[in-house]
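Please read the following report alongside the sequence and the structure, following each strand and helix as it is named.

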Amino acid sequence: MELLPSTDYYPIATVSSISEAKRRVHESAYDLVLINAPLPDDFGLQFAIDTCAGSNAAVLLLVKNELYNDVYSKTLNYGVMLLSKPTSAPVITQSLRFLCATRERLRRFEAKHATVEEKIEEIKLVNHAKWLLIEAREMTEEEAHRFLEKTAMDHGITKRAAAQRIISEYEKKTDL
């Protein structure tokens with residue numbers, strides 16, 4: 001705990017078992033997860049792997065020096081950062097900084113991924129609206145595209161909002 005100043009790491013939650021750690025990670029999102037293996041109910045290796053695979057947390061697993069190579073080969077492909085113990089305060093501090101840098105990189109990737117998903121969703125909506133226009137008004141794809149853009153400009157809304165309006169309007173007509 002002395003190596004986790006509250007000015008840099010806040011809030012900090014500590015648990016004394018893997019089962020409690022699983023529950024906490026399932027209930028809340030954490031940026032960093034540190035595991036000082038072994039814990040009383042489990043070594044922590046699978047928890048470290050599962051946490052990396054199932055969340056966006058950066059994970060540091062501390063293991064005895066004699067187990068390091070074996071555990072390293074099992075965690076390498078999952079993104080678990082591994083540190084042998086005993087270790088020193090400066091090495092832990094440096095490792096935590098690496099974890100923070102990794103987490104920030106993941107955060108940027110998440111934001112970029114969310115933007116791409118939003119764009120894909122918008123393209124799907126626009127295409128759906130265009131197909132409704134093509135079917136209902138017998139427009140060409142180009143005419144439907146122009147109509148959608150003009151609707152957006154005339155109403156001062158996004159193409160996405162215009163597509164949603166068109167979809168709701170024409171799907172109501174087809175439901176009748």
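In this predicted model, Leu32 has Ala58 of strand β2 as its bridge partner. The chain passes from β2 through helix α3 (residues 68-75) to strand β3, and this β-α-β crossover is right-handed. Leu32 itself belongs to strand β1, which covers residues 32-36, while β2 covers residues 58-64. These two strands, β1 and β2, run parallel to one another and are paired through five bridges, and one further pair of opposite residues is formed by Asn36 and Leu62, the latter lying in β2. Between the two strands comes helix α2 (residues 45-54), and β1, α2 and β2 together form a β-α-β unit that is right-handed.

On its other pairing, β2 is joined to β3 (residues 81-85) by five bridges, again in the parallel sense. Here Leu62 stands opposite Leu83 of β3, and Leu62 is also the residue that stands opposite Asn36.

The strands can also be described by what covers them. In a regular strand the side chains alternate between the two faces of the sheet. In β1, the covered face carries Val33 and Ile35, whereas Leu32, Leu34 and Asn36 belong to the uncovered face. For β2, six of its seven residues are buried, so this strand is largely enclosed by the rest of the structure.

After the strands, the long stretch of residues 89-137 forms helix α4. This helix has 49 residues and reaches 71 Å from its first C-alpha to its last, which is close to the 72 Å expected at 1.5 Å a residue. Its buried residues include Ile92, Ser95, Leu96 and Leu99 as well as Leu132, Leu133 and Ile134.

Is Lys130, a residue of α4, buried or exposed? With a relative accessible area of 8%, Lys130 counts as buried, because the cut-off for that class is under 20%. When neighbours within four places in sequence are left aside, Lys130 is in contact with Glu141, Ala144, His145 and Leu148. With one of these, His145, there is a polar contact between the two side chains, at 3.4 Å.

Some features of the backbone deserve separate attention. Most residues other than glycine have a negative phi, and most peptide bonds are trans. The table lists two cis peptide bonds of this model.

| Residues joined | Peptide bond | Omega |
|---|---|---|
| Ala37 and Pro38 | cis | about -5° |
| Lys85 and Pro86 | cis | about 10° |

Both prolines can be placed along the chain, with Pro38 in the loop between β1 and α2, and Pro86 in the loop between β3 and α4.

Which sign does the phi of Glu138 have? Although Glu138 is not a glycine, its phi is positive, at about 55°. This residue comes just after α4 and lies in the loop between α4 and α5 (141-155). Its relative accessibility is 70%, so Glu138 counts as exposed, whereas Lys130 in α4 is buried.

Key: Residues are numbered from 1 along each chain as its sequence is written. This is a predicted model: local features need pLDDT of at least 70, side-chain atom pairs count only at pLDDT 80 or more; totals for chains, interfaces and linings use all residues. Side-chain values use heavy atoms; hydrogens and water are left out. Buried means under 20% relative accessible area, exposed over 50%, partly exposed in between (1.4 Å probe, protein chains only). Helices (H or I, at least four residues) and strands (E, at least two) are DSSP runs, numbered from the N terminus. Two strands pair if DSSP finds at least two bridges between them. A crossover is right-handed if, with the strands pointing away from the viewer, the path from the first strand over the helix to the second runs clockwise. A polar contact is a pair of N or O atoms within 3.5 Å; within protein, one must be able to donate a hydrogen and the other to accept it, and residues adjacent in sequence count only if both atoms are side-chain atoms. Contact means heavy atoms within 4.5 Å. The expected span of a helix is 1.5 Å times one less than its number of residues.
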